[in-house]
Structure formats: C-alpha cells, structure tokens
Amino acid sequence: MDKPVTLIIGLGETVGDAVARRFLEEGHSVLAVDPDAQLLEELRKTAGDKIAYHHGAIHTKLGLRNAMAAALETYSFVDNVVCLPPLPEPDRLLDLEMEDLESVLMKTVRGAVQTLRVFTPELIAERPEVENAADRSRQTGTITFVLSHGATLNPPGRYSQSVSQHAILGIVKAAAIELADEAVRVNAVVALRPRAEGREPWLRDRTPMGRASLAEEIAETAVFLSNSNSAIITGEAITLDGGRRLLSGMIERSD
C-alpha cells in the first residue's frame, strides 16, 4: 500500500518545520513548499532527503499549480494539504494604507481560496472507485489551515492579521460545507504560536497554562486532523491556547 502523501504549503517560522517532520514520522511522504529558499534549506538540515522540497509562491494560482505539479511528479497523488498562511507585519487600523491591506488579503485570503480550488480537484480525482457504497473510504482527503490566535481573538496593533486570519477561518467553515459531499474535510488549527510568548511576555499571565503552544503540539493536531479516524470532523477550529479564551482577567503567579 502506498504511503499517504501530504503537502506542507508554507513553513512559517518554526511550525511548518515541525509539521513536516511529524508527518514524516507518521509514515507519510511529504513535500514542503515555501517561497523562502532559506526556510527550505533549514528544514533540509534536519529532515534531509526524506522530504521533497519545492521553492515557489504559495499564494498565487500559478505558484500553487506548480506545487501540485511537483507533488504529482514526485508522488503521483496527494492525500492531505496543510497550509500555513503568511502572517502580515503589525499595523493599526488608522495608520495602514488600503493598498497594504489589499496586498495582505491577496496573499492570505485569496491564497487560501486558491489552495482549496487548486488541490481539491486532485484529491477528488484520486478517490478510489468502489462498487459497494459501504466500502467507500470515510474521506477523500483533507485540507488543514494552521492559523494564529488572531483568527478568534483580536491582538492590538495587528489589524491586518486579525482581519485576514478571521477571514480564512470563515473560508474553512464555508468550504467544509461545500466539499462535504466529496468527502474532502477542511479544518483549522488555531494556535497561540510559540513566538508570541517571547515577544509579548505578558501573555503568560493571560494564559492559564502559562505558555504558548509548542510547534510539536500544533504538528500533532494537524496529523490528527488528517487521520481517517477523525473523518467525522470538518469545518472545525481546534484551538491550542492553554485555556486563554476561557480566562477573565489575569493570573497572579508567585514566580
């Protein structure tokens, strides 16, 4: 039986690297795609040639088609796509230029829709034909978006990030309904990313668990959402925030 094939679209700062390596450990064939050659090289240092690499755009139709072509050339089919949309630089509503906001939306929101449009037909095309409906696989394929905590809460000074991440979460929910009949599942992992705590130490007092999520925890959740044992889950956002959204006020810690 062929190994499942998973594409990692975008590596981010640390999370994409962990996601790629975790899928590799799970027995998947993996193709990592990113426009930053340096990030791909960093992943190559830890994963070597066990992972395939493609250097190219991840927010344009052409770039995503090239990524799909690279996957088909290397593995002949695709089972799962994990997408890490790029996070825009900090900005504020009253200071931003509309051209900058439009650029952010082009890269993130339009890129998310294009990801669904480019890869879903390939997932469907590879669905095995069976005679008995009861023997049908519980899923055709999965597409998982890894989003920042800005998808559900609104950090100050990150207006474009909040707008774009909220929008992608809406895309996930709408796509889950559109693609359910094809047994293509669309979900999101919403995480307080590892870098946030270092840059904003006050988050420790706003998080009951006292820390941000680990890259490995995000990767494990992405693997879970790709597994056929979770085939009933679609349109969901699994939130890894250490209980932050449940907390009113701040926690006083003795240390």
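A nonpolar patch joins side chains such as Leu and Tyr that lie within 5 Å of one another, each belonging to a residue with over 30% relative accessible area and no salt bridge. In this predicted model, Leu 93, Leu 94 and Tyr 159 make such a patch on the surface, with an area of about 340 Å². Welcome to the structure! The points below start from that patch and then visit a helix pair, the salt bridges and a few individual residues.

**The nonpolar patch**

- Leu 93, one of the patch residues, sits in the loop that runs between strand S4 (80-83) and helix H4 (98-107).
- With a relative accessibility of 48%, Leu 93 is classed as partly exposed, because the partly exposed range ends at 50%.

**Helices H1 and H2**

- Helix H1 covers residues 15-25 and helix H2 covers residues 37-47; the two pack with their axes 10 Å apart, at an angle of about 35 degrees.
- If you look at the handedness of this pair, the crossing of H1 and H2 is right-handed.
- On the H1 side, the residues that meet H2 are Asp 17, Ala 20 and Arg 21.
- Their partners on the H2 side are Glu 42, Leu 43, Thr 46 and Ala 47.

**Salt bridges**

- The whole structure holds 9 salt bridges, and a few of them are worth finding in the view in front of you.
- Arg 22 pairs with Glu 26, and their closest N and O atoms are 3.0 Å apart.
- The two partners differ in how they are covered: Arg 22 counts as buried at 17% relative accessibility, whereas Glu 26 counts as partly exposed at 36%.
- Arg 22 also forms a salt bridge with Glu 220, where the closest N and O atoms are 2.6 Å apart.
- Because Glu 220 belongs to helix H8 and Arg 22 to helix H1, this pair ties together parts of the chain that are 198 residues apart in sequence.
- Glu 220 itself is partly exposed, and its relative accessible area is 37%.
- Taken together, Arg 22, Glu 25, Glu 26 and Glu 220 are linked in a network of salt bridges.
- In another part of the chain, Glu 42 forms a salt bridge with Lys 45, and the closest N and O atoms of this pair are 3.2 Å apart.
- Glu 42 and Lys 45 are 3 residues apart in helix H2, so about one helical turn separates them.
- Of these two residues, Glu 42 is partly exposed at 34% relative accessibility, while Lys 45 is exposed at 56%.
- Glu 42 is also among the H2 residues that meet H1.

**Buried residues in helices H6 and H8**

- Gln 165 is part of helix H6, which spans residues 159-179.
- The relative accessibility of Gln 165 is 0%, so this residue counts as buried.
- Beyond its neighbours within four places in sequence, Gln 165 is in contact with Pro 85, Leu 87, Leu 147, Ser 148, Gly 150 and Ala 151.
- Thr 221 belongs to helix H8, the helix that also holds Glu 220.
- Thr 221 counts as buried at 11% relative accessibility, because buried means under 20%.
- Leaving out residues up to four places away in sequence, Thr 221 touches Val 189, Ile 238 and Leu 240.
- For one of these contacts, Ile 238, the C-alpha atom is 8.0 Å from that of Thr 221, although the two residues are 17 apart in sequence.

**Partly exposed residues and their distant partners**

- Ser 228 lies in the loop between helix H8 (215-226) and strand S7 (237-240).
- The 33% relative accessibility of Ser 228 makes this residue partly exposed.
- Arg 138 and Gln 139 are touched by Ser 228, when residues up to four places away in sequence are not counted.
- Ser 228 and Gln 139 are 89 residues apart along the chain, yet their C-alpha atoms are separated by 6.5 Å.
- Lys 107 is a residue of helix H4, and with a relative accessible area of 43% Lys 107 is partly exposed.
- From Lys 107 to Pro 86 the C-alpha distance is 7.6 Å, with their positions 21 residues apart in sequence counted as their separation.

Terms used:
Residues are numbered from 1 along each chain as its sequence is written. This is a predicted model: local features need pLDDT of at least 70, side-chain atom pairs count only at pLDDT 80 or more; totals for chains, interfaces and linings use all residues. Side-chain values use heavy atoms; hydrogens and water are left out. Patches are made of residues with over 30% relative accessible area and no salt bridge: like charges are joined within 9 Å, nonpolar side chains (Val, Leu, Ile, Met, Phe, Trp, Tyr) within 5 Å. Accessible areas come from the Shrake-Rupley method with a 1.4 Å probe; for residues, only the protein chains shown count as cover. A salt bridge is a side-chain nitrogen of Lys or Arg within 4 Å of a carboxyl oxygen of Asp or Glu. Helices (H or I, at least four residues) and strands (E, at least two) are DSSP runs, numbered from the N terminus. Buried means under 20% relative accessible area, exposed over 50%, partly exposed in between (1.4 Å probe, protein chains only). Contact means heavy atoms within 4.5 Å. Axes are lines fitted to C-alpha atoms, for helices over the stretch in contact, and angles run from 0 to 180 degrees between N-to-C directions. A crossing is left-handed if the near helix is turned anticlockwise from the far one by less than a right angle, and right-handed if clockwise.
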